[in-house]
Amino acid sequence: MERLDKLLAATGHWSRKEVKDMVRHGRVLADGVPVARPEEKFDPSTVCIQVDGAQIDCTTHVYLLMNKPAGILSATEDRRQKTVLDLLPDHLRKRNLFPAGRLDKDTVGLLLITDDGDLAHKLLSPKKHVDKVYYAKVDGLLDQSDVEALAEGMTLGDGLHCLPASLEPLEGGSACYVTLREGKYHQVKRMLAARGKPVTFLQRRSMGPLELDPVLGPGEWRPLTEEELAALRACTIH
Ligand code: URA
């Protein structure tokens with residue numbers, strides 16, 4: 001059994017305060033009966049919750065923001081090597097969690113771990129235009145020709161076409177931000193290697209509105225806040 005305000009806030013559509021207001025105005029029904037208090041508890045797997053007459057799916061998902069460390073696979077399981085799921089406590093490892101958008105073993109930074117396949121699919125689909133921002137250090141110096149090459153959309157040596165991407169040189173050109181809408185295998189490393197500037201360090205800083213939390217040390221994680229989840233959902237609506 002779970003509190004109604006918690007169940008509805010977990011959908012990412014409303015804050016608990018908004019749920020409280022909706023309940024007060026009689027806009028929320030549980031099994032056809034107006035809910036009297038936001039603290040009332042229901043079984044999310046059986047109750048039929050309606051808000052303004054529309055049925056709401058209250059099956060709760062898990063959404064975690066991790067600062068992926070180097071040397072760990074962003075896979076769900078591996079016979080020999082440690083995966084990001086091995087960094088989670090047992091009760092969470094029992095759920096069908098997976099990383100939404102993999103990072104290479106040596107890449108660090110923002111990783112969303114969830115069991116919400118629908119949201120993950122939308123976040124990763126190039127059609128939804130959800131930008132992923134990477135900070136990269138390179139061997140060599142990036143210049144305007146590199147900015148233009150990425151902006152045009154590169155075709156790599158093996159014929160792989162990349163969508164136009166933005167490159168912002170930093171630190172005199174020895175580092176940069178790369179912004180991608182897609183996530184092809186080793187994409188940032190392959191694009192910059194093709195420009196003759198191999199990546200020596202790669203960190204994902206953000207995914208749409210979700211940013212790497214500086215409070216999280218390598219390997220640390222926390223649940224998304226209600227605001228973060230609402231913003232993520234909002235950016236995949238169109
Ligand atoms: N691009 C890469 O090359 N590696 C990653 O891990 C992510 C994006």
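The legends below describe a predicted model of a protein chain with a ligand.

**View 1. Overall chain.** The protein chain has seven helices and 15 strands (DSSP runs numbered from the N terminus; helices are H or I with at least four residues, strands E with at least two). Its C-alpha trace spans about 65 × 40 × 30 Å along the principal axes. Of its 238 residues, 45% count as buried (under 20% relative accessible area, 1.4 Å probe, protein chains only).

**View 2. Shell around the ligand.** Leu103, Asp104, Thr107, Tyr134, His186, Gln187, Val188, Lys189 and Leu202 surround the ligand (a heavy atom within 4 Å). By class, four of these residues are nonpolar, three polar and two charged. Helix α6, residues 187–194, gives the most to the shell, with three residues.

**View 3. Polar contacts of the ligand.** Here the pairs are N or O atoms within 3.5 Å. A ligand nitrogen atom is 2.7 Å from an N or O atom in the side chain of Asp104. An oxygen atom of the ligand is 2.9 Å from a side-chain N or O atom of Thr107. At Lys189 the partner is a polar backbone atom, 3.0 Å from an oxygen atom of the ligand. Taken alone the ligand exposes 240 Å², and the protein buries 96% of that (Shrake-Rupley method, 1.4 Å probe).

**Notes.** Residues are numbered from 1 along each chain as its sequence is written, and side-chain values use heavy atoms, without hydrogens and water. Local features need pLDDT of at least 70 and side-chain atom pairs count only at pLDDT 80 or more, while totals for chains, interfaces and linings use all residues.

Methods. Polar contact = N/O pair within 3.5 Å; in protein donor to acceptor, adjacent residues only side chain to side chain. Nonpolar A, V, L, I, M, F, W, Y, C, P; charged D, E, K, R; others polar. Buried < 20%, exposed > 50% of the residue type's maximum accessible area, 1.4 Å probe, protein only.
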